[in-house]
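User: Hi! I'd like to understand how the descriptions of a model are justified. Could you take me through the reasoning?

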Amino acid sequence: MVIDVKNISFQFDQGNIVFDNINFRLSEGHIGIVGDNGVGKTTLINLISGRLLPQKGTISLEGKVKIVSQFNDWEDYHSPGELQLQRLKDAVFSNPDILLLDEPTSNLDKNGIKVLSGLIRHFSGIVLLISHDFDFLDSTTDNILLIENRRAELYEQKFEDFQLEYEKKRHKEFQMYEVQKKQKNQQRKSVQRLQEKSQRSKKVRGISNSDKKAKGLAGKYDKVQNRLATSAKNMRQALNDNHYDSKPFTKIGLKILNYYQNSGKISMQLSFSNVKVNENYLVNSPFKINIKSGHVLSLLGDNGVGKTSLLDKLFQKLDEKNVHVNYFHQNINQDWCSSIPLITQLMNKSGIREEIILEVAGALGVNREMLTRSPNKLSGGQLLKVQLILCLISAFDVLILDEPTNYLDYDGVVALTTYINDSKAALVIVSHDKRFIENVTTDVVVIENKKVVDYLTLQDYFNS
Ligand SMILES: Nc1ncnc2c1ncn2[C@@H]1O[C@H](COP(=O)(O)OP(=O)(O)OP(=O)(O)O)[C@@H](O)[C@H]1O
Ligand SMILES: [Mg+2]
């Protein structure tokens, strides 16, 4: 069992370079692949599985490979979590030597994640798994492969230790950048002084030739002026060549614009008699849901209990009452037409100005160039962010978010959390991401045993 990656370079046809000469060799172990949305995690496992071919370099594999991809057609399946767990089990039980898993915990509830962790821990072959879930990485992997700036770097340590080391490295780079910035400022000042001097000597040159001649200065001042101009130019050049020209990324300060201040006046109690899908009762007795501006209601429950179905019903009811609801649907929807640039689609669907869209997108790490690509040329997380952007830019009184953090990188989750905490709207959220819901929730309801139950706190639920 070996994965040997040698001098791999890869770019998509339009010149989007994803990897520039990466190397690593694995002969055993469980490896977590981490990195921001769009850095190339999915591309890497597609290269390893042979679905994509590199322009340069070789990948040698020994052993049978099985890959479970990031997205699938969920068809009409109402609980993608149940289906996802089945796909994962099938993959493990097919007994491969090398198992490649792309964000396997998305859509899984806490029990599903537990089952999967157990399966992976007992798996004796090589596992390469992509995840943004810290706890999951810690419980299932012993090594971390970080993808960043077109490179892959292997850390032979668990995620927690990797994270500490990574933070230290970042900090050091940042300090170096600050030092260089200071040096650069000093250089800039020198350039300025040289330029001023050169200007002054020009002025002297501006004295009529006959005067200069009279003063015997002509040749001398020309030389001085040229020399000053040249050194100013050289210094400017050096400044531009500076390696640390761009700021090492700091992971703070990204804030999603709360463009619409919501009315903050919603307060209603909605009554439901049941929740039914295809004549199956998911909830079989009447219940009430309170929707209030400034409140964040978390709807919890295991995979398949009917959370999304309840959200659909809730949306319908609010819509009938003419409440303005924006609804973020779980998973990537296929509605994005591929021939119209995403930015145009976003503008058309929302009626919002481009600058506003770009500002909200920017806070989520999505730039204009990405929004001019066709949707199938974005990474999973990037496309998901486009969907999220659509929900956040246009006005709403109630925002429904179904599993918004699936596929979202760390920065994305932080930005979304801050946005929700600042929002005055009424929010209803379904998420299995414990950390995220702990940070946003004010009210809790749980679907269990075919009933909708009010919980006082999240802790009650997690301890149950
Ligand atoms: N078919 C394509 N053509 C051009 N560029 C693409 C294509 N597919 C992906 N990309 C770009 O290549 C880069 C790597 O994409 P990839 O899907 O590997 O990212 P990722 O790390 O898996 O991200 P995520 O966490 O969002 O899943 C991204 O910047 C993406 O926009
Ligand atoms: Mg991916």
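Analyst: Happily! This is a predicted model. In it, 21 residues surround ligand 1, the closest being F12, T42, T43, S379 and G381. The elements that give two or more residues to that shell are α1 (41–48) and α12 (380–393).

User: What makes a residue count as part of the shell around ligand 1?

Analyst: Its C-beta atom, placed from the backbone, has to lie within 6 Å of the molecule. The shell has 21 residues, and they divide into five nonpolar, 13 polar and three charged.

User: How do you know that β1 and β4 pair?

Analyst: Pairing takes at least two bridges found by DSSP, and six join β1 (residues 2–11) to β4, so the two strands pair. They run antiparallel, too, and V2 stands opposite E62 in β4.

User: Why are β2 and β4 called edge strands?

Analyst: The open sheet has the order β2-β1-β4. β2 (17–26) and β4 (56–62) each pair on one side only. On average, neighbouring strands here are turned by 20° against each other, direction ignored. α1 lies across β1, β2 and β4, at about 120° to β1.

User: Which residues touch the most other members of the largest nonpolar core?

Analyst: Of its 63 residues, those are I389, V398, I400, L427 and V428. The largest share of this core, eight residues, comes from α12. A second, separate core of 39 residues includes F10, I45, L128 and L137.

User: What makes I266 a contact of V398?

Analyst: A contact requires C-beta atoms within 7 Å, so this pair meets that cut-off. Leaving aside neighbours within four places in sequence, V398 also contacts others, including I291, L318 and V428.

Terms used. Residues are numbered from 1 along each chain as its sequence is written. Chains are lettered from A and ligands numbered from 1 in the order in which they are written. This is a predicted model: local features need pLDDT of at least 70, side-chain atom pairs count only at pLDDT 80 or more; totals for chains, interfaces and linings use all residues. Helices (H or I, at least four residues) and strands (E, at least two) are DSSP runs, numbered from the N terminus. Ala, Val, Leu, Ile, Met, Phe, Trp, Tyr, Cys and Pro count as nonpolar, Asp, Glu, Lys and Arg as charged, and the others, Gly among them, as polar. Axes are lines fitted to C-alpha atoms, for helices over the stretch in contact, and angles run from 0 to 180 degrees between N-to-C directions. Two residues are in contact if their C-beta atoms, placed from the backbone, lie within 7 Å. A nonpolar core is a set of buried Ala, Val, Leu, Ile, Met, Phe, Trp, Tyr and Cys residues joined through C-beta atoms within 7 Å. A residue is buried if 20 or more other C-beta atoms lie within 10 Å of its own, exposed if 12 or fewer, and partly exposed in between; C-beta atoms are placed from the backbone.
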